[in-house]
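Visitor: Before we look at individual contacts, I would like to hear how each label is justified.
Guide: Then let us take the labels one at a time and set each against its rule.

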Amino acid sequence: MLVTAYLAIVFLLALCVGLELTARRLSPPQSTPTAVANPAFRHFQSTFLRAYLLALWADWLQGPYLYKLYRHYSFLESQIAILYVCGLASCILFAPFSGWLSQALGRRRSCLFFCLSYSACCLTKLSRDYFVLIAGRVLGGLSTSLLTTTFEAWYVHRHVEIHDFPKEWIPSTFTRAATWNHGLAVGAGLVANLLAEWLHLGPVAPFLLAVPCLACCAWVVLTDWGKEEANKGPVEEKQTLLLGTPNGGVTRMSARARFSRSCHDGLRCLLSDRRVMLLGGVQALFESVLYIFVFLWTPVLDPHGPPLGIVFSCLMAASMVGSLLYRLATSTHYHLQPGHVLCLAVLMAFFSFFMLTFSTAPGQPRPHESFLAFLLLELACGLYFPAVSFLQGRVIPEDKRAGVLAWFRLPLHLLACLGLLALHGEISGTGAGEGGSGTRHMFGGCAVMMLAALMAVVSLFTLGRNDSDLRLEGTRGEGDMY
């Protein structure tokens, strides 16, 4: 497995370079976009990305060795499963709070609060006390919720309300962030492996490295973002919304009322449009099994001695390959629709979990086949995320998108929690990576969920067979990843 992991990362990175060069060669020559040619926009974009990419880097550093750290502290797999459940449950509890916080506390202050809470989460990893680690998982759930909302909220507000840049320029920033995000994920695995295994600093080392990265992120938010707000607009405090009244007056809507209205509108949109309902079902089923995969990949492979940081980089590189394949497939050269790519991604994920039900048989583990199945699953993820983002942008109205996506995340996290609790019950006797059947049963359940997701995708495109909203016209539409 050691040799396999190093060969795989070399091959996948070479494949990424080849696909990128191919995509550039097949792309028609274009004039310089207005956004790129605008120096004020470029400066604003770089100011945002400096802080956002540092936050993403700190987040990725914690991926490769989380499970390994808990095992290093001699916790059982069933105890580790509960730790993961606490993290997911806190995501459910704090998801509404994070949206409200960015409006009540202020967007920039919410980003600073994220840096503080995630640093505290990382520092809890120094303790061997189980309840301290549970508190760390709760802080991690809060921080993850903030990461997915507060930075984007600050950027979109400044972009539209303060700088008055065209809304059409927003996707270029998040497309650029997504491109960097893949590279950061691969690099995080390599750096984590360097610290934990090559330098023999142990699995806690990547978490400690994340703390100064978060401190740098906070410094950029304090200084660069502070200058940006001082020059272009007042520092934000509590956010309110002015609404007209029938008699011509105005009333102020509080942050809490504004959030409640967003959730109410999102639920109405979800229930009134069957396309949105089916798309939400696909997202809940597909992404919930990814949380289960995040828990299981380490105990499946770790007993066979691979370098976990390198394996993590391989998985992230496979996801990058999938993203580049999506870019090629939807280009003007091949003309595939995002819906077709989504069907392919779900089918590949189903086949991956089907393979894992055989490669993780008790007493007869086949780690090389499991590793290949994990790579196939990450490849499917690279295809899935840009495809589903495109479709969400087409079927969900922009003013209701935040509320609808909040409702999407609720069953997603609930399914993941239920799956891990079921796994906890099965592995409490034998262990996930020690010959028990719990892992195999869980992969079988994930395969069934992928089959249900595939049926939902088919229903979605049967319903909208002649729906132009679900089709990509003209060029490849890579900007729709936002």
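**Labels and the values behind them**

Guide: In this predicted model, Arg-137 lies over the face of Tyr-84, at 5.0 Å from the ring centre.

Visitor: What makes the pair of Phe-41 and Phe-165 edge-to-face?
Guide: The structure holds 29 aromatic pairs, and in this one the ring centres of Phe-41 and Phe-165 are 5.4 Å apart with the planes at 90 degrees. Centres within 6.5 Å make a pair, and planes over 60 degrees apart count as edge-to-face, so the label follows.

Visitor: Why is it said that Phe-41 and Phe-165 tie together parts of the chain?
Guide: Phe-41 belongs to helix 3 (residues 39-61), whereas Phe-165 sits in the loop between helix 8 (150-162) and helix 9 (170-198), so the pair links parts that are 124 residues apart in sequence. Both Phe-41 and Phe-165 are buried.

Visitor: Why is the pair of Phe-44 and Tyr-155 called stacked?
Guide: The ring centres of Phe-44 and Tyr-155 are 5.0 Å apart and the planes meet at 15 degrees; because planes under 30 degrees apart count as stacked, the pair takes that name. Phe-44 lies in helix 3 and Tyr-155 in helix 8, so this contact joins parts that are 111 residues apart in sequence.

Visitor: How do you know whether Phe-44 is buried or exposed?
Guide: Its relative accessible area is 1%, and since buried means under 20%, Phe-44 is buried. Tyr-155, with a relative accessible area of 0%, is buried by that rule as well.

Visitor: What makes the contact of Arg-50 and Asp-224 a salt bridge?
Guide: The N to O distance between the side chains of Arg-50 and Asp-224 is 3.1 Å, and the cut-off is within 4 Å, so the contact qualifies. Arg-50 lies in helix 3 and Asp-224 in helix 10, so the salt bridge ties together parts that are 174 residues apart in sequence.

Visitor: Why does Arg-50 count as partly exposed?
Guide: Its relative accessibility is 40%, and because partly exposed covers the range between under 20% and over 50%, Arg-50 falls in that class. Asp-224, at 21% relative accessibility, is likewise partly exposed.

Visitor: How do you know that Lys-68 and Asp-302 form a salt bridge?
Guide: Here too the N to O distance is 3.1 Å, which is within 4 Å, so the side chains of Lys-68 and Asp-302 meet the rule. Lys-68 lies in helix 4 (residues 66-72) and Asp-302 in the loop between helix 12 (274-301) and helix 13 (308-329), so the pair spans 234 residues in sequence.

Terms used. Residues numbered from 1 in each chain as written. Predicted model: local features only at pLDDT ≥ 70, side-chain atom pairs only at ≥ 80, totals over all residues. Heavy atoms only, no water. Phe/Tyr/Trp six-rings, centres within 6.5 Å; stacked < 30°, edge-to-face > 60°. Helix = DSSP H or I, 4+ residues; strand = E, 2+ residues; numbered from the N terminus. Buried < 20%, exposed > 50% of the residue type's maximum accessible area, 1.4 Å probe, protein only. Lys NZ or Arg CZ within 6 Å of the ring centre and 35° of its normal.
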